[in-house]
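Thank you all for coming. I would like to walk you through one structure this morning, and I will take it slowly for anyone who has not seen it before.

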Amino acid sequence: MTGICTGRVAVVTGAGRGLGRAHALALAAEGARIVVNDLGTAIDGTGGATEPAERVVEEIRALGGEAVAHGGDIATTDGAASLVATALDAFGRLDTVVNNAGFLRDRMLVNLDEDDWDAVMRVHLKGHFLPLKHAAEYWRAEAKAGRTPQARVVNTSSGAGLLGSVGQGNYSAAKAGIVGLTLVAAAELGRYGVQVNAVAPAARTRMTEQTFAGTMAAPGEGRFDALAPENVSPLVVWLSSASCAGVSGRVFEAEGGRITVMEGWRPGPAVDKGARWSPAAAGEAALELLAAAATPQPVYRAR
């Protein structure tokens with residue numbers, strides 16, 4: 001199997017189903033050797049099984065690719081370290097990390113338990129940080145040894161993290177945190193040959209089918225399935241390859257056939273009095289600035 005990722009080694013977290021599986025298969029089709037990570041948990045993160053990761057490994061091998069399974073918990077130091085070690089042991093190198101693992105525990109804020117907050121933060125935010133950290137340690141050592149890599153990290157945010165989503169305070173906060181982590185990692189790791197970007201996908205997965213069932217139905221036969229997870233993977237593959245040289249610290253939304261560069265917080269209208277405001281005057285100034293500012297986008301809802 002040859003393509004734009006020929007010779008590269010990629011790890012994909014949460015790759016047993018949905019978007020992660022689609023990414024792993026697409027990367028393999030473009031020549032990458034894959035470490036398929038998945039705990040095999042339920043949609044809320046409970047339980048666990050090795051079968052999902054192993055099935056994807058079998059699919060890749062059946063298509064002529066190379067892959068191994070990893071069942072460690074990447075939201076732990078040992079699990080994330082072993083993920084990197086698995087790539088090095090199996091294939092002798094690591095070029096790309098696709099951070100994708102996650103689950104939902106949706107509640108309105110007044111009903112959101114602390115445990116549900118912590119669990120979602122752990123899998124999404126910590127589960128991005130630790131694989132990135134351990135991979136970056138390897139890439140830094142390579143760069144210091146004179147073998148500067150063409151390394152890539154693709155993180156997974158969400159429209160919920162960029163715009164907010166009613167009933168998903170924990171998930172939205174975690175996905176917004178991933179954007180912040182992406183920007184910092186891109187700035188810190190560029191000197192070691194590492195590029196870090198994020199995608200905000202809209203696709204039909206176990207999570208979205210349950211949360212947004214009314215908008216997630218597949219189209220009729222012969223029609224383009226805009227919400228198929230496979231639509232997101234080509235962009236992820238390109239961001240995982242050496243072909244995207246010079247692209248780092250960016251966030252892309254991907255849905256169906258549409259790719260959008262998302263533009264984050266930028267200074268808008270401003271006024272400087274040159275002295276301290278009174279509360280009333282600060283309020284008047286704020287209202288004038290808001291009248292001149294762009295109207296904010298509505299809270300995210302899956303399409």
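I will begin with how the model is to be read, then turn to the sheet, and end with the cores.

Please keep in mind that this is a predicted model, in which local features need pLDDT of at least 70 and side-chain atom pairs count only at pLDDT 80 or more, while totals for chains, interfaces and linings use all residues. Residues are numbered from 1 along each chain as its sequence is written, and side-chain values use heavy atoms, with hydrogens and water left out.

Let us start with the sheet. It is an open one of 8 strands in the order 3-2-1-4-5-6-7-8, with mixed pairing; strands and helices here are DSSP runs, E of at least two residues for strands and H or I of at least four for helices, numbered from the N terminus, and two strands pair if DSSP finds at least two bridges between them. At the edges stand strand 3 (67–70) and strand 8 (258–262), each of which has a single partner strand, so one side of each is left without a neighbour in the sheet.

At one of these edges, strand 2 and strand 3 are parallel and share 4 bridges, and Asn37 stands opposite His70 in strand 3. Helix 2 packs on the sheet here, touching strand 2 and strand 3, where contact means heavy atoms within 4.5 Å.

Towards the other edge, strand 7 pairs in the parallel sense with strand 6 over 4 bridges, whereas 5 bridges join strand 7 to strand 8 in the antiparallel sense. Phe252 stands opposite Val261 in strand 8, and Val199 stands opposite Phe252 in strand 7. Is strand 7 mostly covered or open? In fact 5 of its 5 residues are buried, meaning under 20% relative accessible area with a 1.4 Å probe and protein chains only, where over 50% is exposed and anything in between is partly exposed.

Finally, the cores. A nonpolar core is a set of buried Ala, Val, Leu, Ile, Met, Phe, Trp, Tyr and Cys residues joined through side-chain atoms within 4.5 Å. The largest one has 31 residues, and among those that touch the most other members are Val12, Leu27 and Val36. Helix 1 (18–29) is one of the elements that give two or more residues to this core, and the largest share, 6 residues, comes from helix 1. Leaving aside neighbours within four places in sequence, Val36 is in contact with residues including Val12, Ile60 and His70.

Technical notes:
Axes are lines fitted to C-alpha atoms, for helices over the stretch in contact, and angles run from 0 to 180 degrees between N-to-C directions.
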